[in-house]
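Please open the model in your viewer and keep the sequence panel visible. The tour proceeds by selections, each followed by a short account of what is found there.

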Amino acid sequence: MLRYSGFMRRRAFFQLSAASLAAGYLKALEPTGSSIIDRFIAVTGGKAAYAKLVTEVAEGTVNMGAQGVSGTVKVLKKSGNAYTVIEIAGVGKLEEGVRQGIAWENNKITGARVRTGEERDVQVRNAAIDLEHQWRKYFVTADLAGSETIAGEDCYKVVLKPKTGEPEIRYFSKKTGLMLKMTGVMPTQMGPMPMESTMSDYREVQGLKRPFKLGVSAGGQAAEMTFTKYTINAPVPDSAFALPAEVVGLVPKVASKPAK
Amino acid sequence: MLRLVTLLLLALPLPAIEPVWLATFDQVWQLVQDKHWDPVELERNGWTRLKPEFRAKVAEAKSPAEARGYIREMIQRLKLSHFHISGGDASEEAVSYGDGRPPFDVAMIDNRAWIWRPEPGAGVRAGTEILEVEGVLLAGPLKRLTESRQGAMRLARQRALVLAKLSGDPGGTVNLLTQAPGGMPVKSTVKLLGPKGQLTRFGFLPPMPISIETKRLGDVGLISFNLFLDPVRLSPAFEGAVKACKSTCKGFIVDLRGNPGGIGILAMGLAGFFVTQPDQYLGTMVRRDSKLKFTVNPRAEIFTGPLAILIDSSTASTAEIMAGGLQDLGRARIFGSRSMGAALPSVIERLPSGDLFQYPVANYISRNGKALEGEGVLPDQAVELTPANLAAGDPVLDAALQWIHAQKSVLPTIRR
């Protein structure tokens, strides 16, 4: 029967301690979730440029190539209000928006609806013009949760926990600092839906870097949005965020209470 | 030397099937492997085992038709609906000779085709059996379908086959041999009508005529439509029909006979014209990564009186989801015959070969916990078709009207 000598035990102890110290030292060298996000802000324009952000307008095309479906997309954001419209031949307009805390959707397939609960909270949060650079207002923690390769790039995986609801997971390139992917579970009328979006083709728009290609997959379907026009701080009238007539009639009936 | 070259050429193996067909096979197999909602069930059906078997067959195929046939055979082993590869040599069932349609509908009774609901001036009578089309007996092809298909699916396929044989160019003619019960066979010629409805395109689907009809039958409103597509026209048509009925209709009928489905979530939206309470759902779509409820979204205009839905063996997919869901909610009474039982949410993609591949990506479980696939929706009031009642009119519609008129007005129609 083999026995470890005292020397061997001490040697093993020191080796183990050295390994632990090394691991701890390496961990200390790793960035934090917060610093990764702050770096993203820095490489996409910097805090000063973000602080000047008042409006964003992006227009382009949407393509679900695998199903042969395509159309146009327009996204507007201003001071906590937002409006998105996708128009597809054979389906018509798919609209959603936020106006003064009222989150809504409208289309000819499922009709008009005012969103409530967690679904509303997520939509209102995503409408915030300062969501990226003032992320601490909306998320309680941002924790580094490892690394993954996204589109051939080594990325940090950061888990952001909002005040209420499901966490968002964001992937930032170690090399460039840019966000390349986001995943999460989206609350919808039909139930929680796993969702993934990818960002690429970053270009500078008036001092800020913005992704001109956005891939989205949810519910087993995938779509790619390609923006052909992107403006920052152009005048956008408040009327652009007006509730459609179909939604106006529904608003008094719905209490827009945040999820508990 | 020439003889040697000829010998050499004869000795060469026949060219293998083009690589695009192996790429097509691989894509079909992988899509099912990745997207089937129940990997365990898929494996139990031997999906992994089927790959080398059928890949080898496709590799040895001598023509695109043969390669396509093997791929179809492989997916048919899963015995599920909504698997379809369109392209090249369609099966006998699917051959259509043009956009023209006969001036009457076809009802299947006991594996025989009968004329039903003829248009005015059609020159044929309802309740008459169609024996031959263009000199070809229908009995043989219809019998072959009884061997390969069962139940409501068989009836639907038989009807589709007969309608295909009756098709042609609009304005053209089709020669028939028909026979009324107790009568002699009679030859006749009917003129084909143009497609019914407005052509609509969506994705890879070919342009399809979408017909939407609304009418009043005395104090009962009715809407019938052939596909769950073109929401830009369909939703407003529903809204208009409901609005027109709101304080003047005793009941409402939605005719889903012959409707093979379309956009799945449209069932949620259209059901919302008849359901007042929020957070109701028709059923659940079960995907590999999620379960999503077909939640009904109550509309601004809602009809709250008695609701009848008409179905038959050709009612499928989204149409079954809407009918079955409203039945399970206790909101609608269903009339007619069992629906097709083909209710799997699916998508359509283009393959490397250029063919379109439709495949299901989820199972659908009704609100009452049953899989609609293979089962269909059972009517609350079955209406058996006979040559006699076909000749008299529309027995299914009549049954629904009778029920509506027998209802007391318990709930007032909401004015909005």
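**First stop: a strand residue in chain A**

Select Asn106(A), which lies in strand 5 (residues 102-107) of chain A; strands here are DSSP runs of E of at least two residues, helices are runs of H or I of at least four residues, and both are numbered from the N terminus. The model is a predicted one, in which local features need pLDDT of at least 70 and side-chain atom pairs count only at pLDDT 80 or more, while totals for chains, interfaces and linings use all residues. Residues are numbered from 1 along each chain as its sequence is written, chains are lettered from A and ligands numbered from 1 in the order in which they are written, and side-chain values use heavy atoms, with hydrogens and water left out.

Is Asn106(A) buried or exposed? Asn106(A) is buried, because its relative accessible area is 7%; buried means under 20%, exposed over 50%, and partly exposed in between, with a 1.4 Å probe and protein chains only.

Next, display the side chain of Glu246(A). It makes a polar contact with the side chain of Asn106(A) at 3.4 Å. A polar contact is a pair of N or O atoms within 3.5 Å; within protein, one must be able to donate a hydrogen and the other to accept it, and residues adjacent in sequence count only if both atoms are side-chain atoms.

To see the surroundings, add the residues in contact with Asn106(A), leaving aside neighbours within four places in sequence: Lys93(A), Leu94(A), Glu95(A), Gly111(A), Ala112(A), Pro244(A), Glu246(A) and Val247(A). Contact means heavy atoms within 4.5 Å.

**Second stop: strands 11 and 12 of chain A**

Move to Gln206(A), in the loop that joins strand 11 (191-205) to strand 12 (208-218). Although Gln206(A) is not a glycine, its phi is positive, at about 50°. Gln206(A) counts as exposed because its relative accessibility is 55%.

Continue into strand 12 and select Pro211(A). At 15% relative accessibility, Pro211(A) counts as buried. Which residues does Pro211(A) touch, not counting those up to four places away in sequence? They are Met199(A), Ser200(A), Asp201(A), Tyr202(A), Phe227(A) and Tyr230(A). Then draw a distance from Pro211(A) to Met179(A): the two are 32 residues apart in sequence, and their C-alpha atoms are 9.1 Å apart in space.

**Chain A as a whole**

Select the whole of chain A, which has five helices and 13 strands. Of its 260 residues, 42% count as buried. Its accessible surface comes to about 13500 Å², with 58% belonging to carbon and sulfur atoms; such areas come from the Shrake-Rupley method with a 1.4 Å probe, and for residues only the protein chains shown count as cover. Among contacts in chain A with a separation of 6 or more, 44% are between residues 24 or more positions apart.

**Third stop: chain B**

Now select chain B, where there are twelve helices and 20 strands. Its C-alpha atoms fill a box of roughly 95 × 60 × 35 Å along the principal axes. Of its 416 residues, 50% count as buried. For contacts in chain B with a separation of 6 or more, residues 24 or more positions apart account for 69%. Chain B exposes about 19000 Å², and carbon and sulfur atoms supply 55% of that area.

Zoom in on Arg117(B), in the loop between strand 3 (112-116) and strand 4 (129-133). Arg117(B) is not a glycine, yet it has a positive phi of about 45°. Its relative accessibility is 32%, so Arg117(B) counts as partly exposed.

Next, select Arg159(B) in helix 7 (residues 151-165). Arg159(B) is buried, with a relative accessible area of 17%. Its side chain makes a polar contact with the side chain of Ser314(B) at 3.4 Å. Leaving aside neighbours within four places in sequence, Arg159(B) is in contact with Asp105(B), Val106(B), Met108(B), Gly258(B) and Ser314(B).

**Last stop: helix 10 of chain B**

Select residues 318-328, which form helix 10 of chain B. How many of its eleven residues are buried? Ten are buried, and the helix is mostly covered. The buried residues include Thr318(B), Glu320(B), Met322(B) and Gln327(B). Finish at Gly330(B), just after helix 10, where phi is positive at about 75°.
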